[in-house]
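Q: Can we go through this model together? I'd like to start with the overall picture and then look at one residue.

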Amino acid sequence: MSMINVKVVAIEQVTPLVKHFTFVKEDGSSLPAFSGGSHVVVSLDIGGRIHRNPYSLMGSPMENEAYHISVRKQENSRGGSVFMHENVTVGMPLKITYPVNLFSLAKKGRKHILIAGGIGITPFMSQIADLNRMNANYELHYAYRSPEHGAFAAQLKEKCGDHLHCYIDSQGQRLDLQALLNDQPLGTHVYVCGPNAMVLATLDTARNLGWPENHIHSEQFLSPPTGEPFKIQLARSNIEIQVSAEMSMLEAIEAAGVEADYLCRGGVCGRCELDVLETDGALEHNDHFLTDTEKASCKKIMPCVSRAKGERLVLDL
Amino acid sequence: MEHGYTIKSKPIYGALAWHDKATVHLVIAQSQGGLAVLKLFEQMQPKQPVRVLYAQQDTDYAKTLKKVVPEGLDVLNSEQELLDVLKSIMPTMRMGLRIYIAGSEGFIWSVAEAVKAFGVENADLMKEQTDTLARTIYCVHCKAITHNITTNIGKCSGCGRMLFVRDHFSRQMGAYMGLMIDAESPGELPAIEEIYP
Ligand code: FES
C-alpha cells in the first residue's frame with residue numbers, strides 16, 4: 001500500500017486523555033483531497049514492530065495543507081495510542097496511508113442526524129465542514145462524560161451553532177434515542193460513532209422504528225484483540241508465521257514481508273478478507289463484516305481483528 | 001435480450017412481504033398488483049396502521065380487497081388518480097414508513113419517482129412486478145419516451161426510428177435504453193418478435 005510521508009507540526013492536549021496532532025507533507029507539497037468522514041492509517045515503528053492505527057481526519061476537506069487527527073489514550077491497548085501520546089513529538093516524520101472514506105454522508109439525504117459519543121466525535125468534524133458548506137439540514141448530538149472530556153465542544157459550538165446538542169453525563173444529561181428518532185421527516189439519515197453500547201443502541205432504535213437499513217450508518221473500528229499465540233501457513237507464499245499474543249494476524253503477515261490488503265484495520269470494511277484453505281481448530285471471528293453464516297462456515301477470515309485456536313490454519317495468500 | 005450475463009441495471013423485483021418493523025405501512029398497487037396485495041394480507045395483519053392505494057383496471061381485485069383489507073383502503077380509477085392521492089398523503093409521513101409497490105414496471109417506477117420527491121429512496125421500496133413485462137423505452141437519439149413496448153424492436157414515438165430494446169435500465173427515467181437498429185444499413189431489420197408480453 002503506498003504511503004504518504006508527513007511530519008508532525010503541532011501537538012495539542014485537548015482533554016486529559018485526548019491529543020490533537022497536525023501533519024503536513026514532508027516535502028511541503030499539498031496533501032490529497034478527501035471527503036467528510038475519511039480516515040488515514042498511521043504507521044508507527046514501536047521498537048522495530050510496525051503498528052498501524054486508523055484515525056479519522058478532522059480538518060475541513062477543503063483544506064489540503066495539513067491533516068488533523070485526534071488520539072485518545074487507550075491505557076489497556078497494545079500501545080499504538082500510548083506511543084502517539086508519549087513518544088511522538090513535533091518535527092517527527094511519520095508515514096500515513098491515503099485517506100479512505102468508509103463513513104460518508106448520504107448524498108440523497110434530506111436531513112442528517114449525527115450522534116457522537118466521546119472520541120467518536122472525530123469523523124464528524126470533517127463531515128460538519130461539508131454539511132455547513134452545503135447548507136444542509138443537520139443536527140449533531142454529542143454525548144461525553146464530563147465537561148473536561150468534551151473535546152472540541154467549544155469549537156463545535158462556534159461551527160455548528162444551533163445544530164449542536166450536548167449531553168454531559170456527569171451532569172445527568174442523557175440522549176434519549178427513542179425520542180430523537182421517533183419523529184423524523186422522510187429522507188433522514190442517522191450516523192453514529194462512539195462506544196459500542198451507544199452504537200448498538202442507535203442501530204437498534206432506528207431499526208425498531210422501521211428505518212430502512214440504508215438510512216442507518218455507523219463507524220466503529222475495533223482494535224485488534226490480543227489472545228493466545230498461534231501459527232498460520234500462507235499457501236501461496238509458502239511460509240509459516242507465528243502470530244504472537246500481542247499481534248494481529250494481519251500485523252504478523254506484514255511483519256513477515258507479505259503484502260496484504262486492508263483499509264480499516266478494524267473489522268468493518270471487508271478489504272482484508274482471506275480464504276481459509278484448511279483449519280483444524282476454532283476460528284475466533286472478531287469482525288463486524290462477515291455474516292454469521294460465513295463465520296460458521298470457517299471458509300473466510302478477517303485477519304485484521306480475528307484470531308485462531310488450533311495447530312493448523314492455512315490461508316490462501 | 002442479452003444472454004450469458006446479467007446487466008446490473010436491469011432491476012430485480014421480488015415478492016411483497018411485510019417488514020416486521022415499521023410505524024406505518026403503505027401498499028400501492030395497480031390492476032393485477034391487487035393479487036400481490038391479497039397475498040400480502042394472507043401472510044398476516046401487521047400491528048401497525050396500513051394504508052392501501054389501489055388503481056383498478058380491467059382485471060379487478062377491488063371487490064376482494066374491500067373484504068380483506070380491514071381499513072385504510074382507497075380504490076382509485078386510474079394511475080393518475082392514485083398518484084394524486086399518494087402525493088396528498090406523503091407530506092404527513094415520517095421515517096418509519098414502509099412502502100410496498102405492485103404493478104407493471106412502468107407503474108412501479110412512476111410511484112418510485114413520485115415518492116422520491118418526498119425523500120424516499122429507491123432502495124427503501126419493496127417492489128413486485130405483475131401485469132405485463134412490457135417495457136418503457138427512452139430513445140438515446142431524440143430522448144423521447146415510448147411506453148408499452150412488447151417486442152425486441154420498437155418504434156420511437158418521438159423520431160420514428162426503429163429502436164433495439166436493451167437491458168440497460170435508467171431508474172431516473174424508469175425506462176430501458178432504445179438504440180437505432182438499422183443505423184448501418186437503413187431499412188434492414190431483423191425479425192420483430194414479441195418478447196415482453
Ligand atoms: S481491513 Fe477492514 S475488515 Fe480488515
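Chain B and a loop residue

Q: How much of chain B is buried?
A: This is a predicted model. Of the 197 residues in chain B, 48% count as buried.

Q: What about its exposed surface, how much area and what share from carbon and sulfur?
A: Chain B exposes about 9,800 Å², and 52% of that comes from carbon and sulfur atoms.

Q: How many helices and strands in chain B?
A: Four helices and ten strands. Along the sequence of chain B the order is β-α-β-α-β-α-β-α-β-β-β-β-β-β.

Q: And what box do the C-alpha atoms of chain B fill?
A: Roughly 60 × 35 × 30 Å, taken along the principal axes.

Q: What share of the contacts in chain B is between residues 24 or more positions apart?
A: 64%, counting contacts with a separation of 6 or more.

Q: Switching to L133(B). Where is it?
A: L133(B) sits in the loop between β5 (125-129) and β6 (135-139) of chain B.

Q: Why is L133(B) classed as partly exposed?
A: Because its relative accessible area is 41%, and partly exposed covers values between 20% and 50%.

Q: Which residues does L133(B) contact, leaving aside neighbours within four places in sequence?
A: Y196(B) and P197(B).

Q: How far is L133(B) from E121(B) in space?
A: 24 Å, C-alpha to C-alpha, with their positions twelve residues apart in sequence counted as the separation.

Q: Back to confidence: which element of chain A has the lowest mean pLDDT?
A: Strand β4 (residues 49-56) of chain A, at 91. Strand β11 (residues 188-193) of chain A has the highest, 98. The mean for chain A is 93.

Technical notes
Residues are numbered from 1 along each chain as its sequence is written. Chains are lettered from A and ligands numbered from 1 in the order in which they are written. This is a predicted model: local features need pLDDT of at least 70, side-chain atom pairs count only at pLDDT 80 or more; totals for chains, interfaces and linings use all residues. Side-chain values use heavy atoms; hydrogens and water are left out. Helices (H or I, at least four residues) and strands (E, at least two) are DSSP runs, numbered from the N terminus. Buried means under 20% relative accessible area, exposed over 50%, partly exposed in between (1.4 Å probe, protein chains only). Contact means heavy atoms within 4.5 Å. Accessible areas come from the Shrake-Rupley method with a 1.4 Å probe; for residues, only the protein chains shown count as cover. pLDDT is the predictor's confidence in each residue, from 0 to 100.
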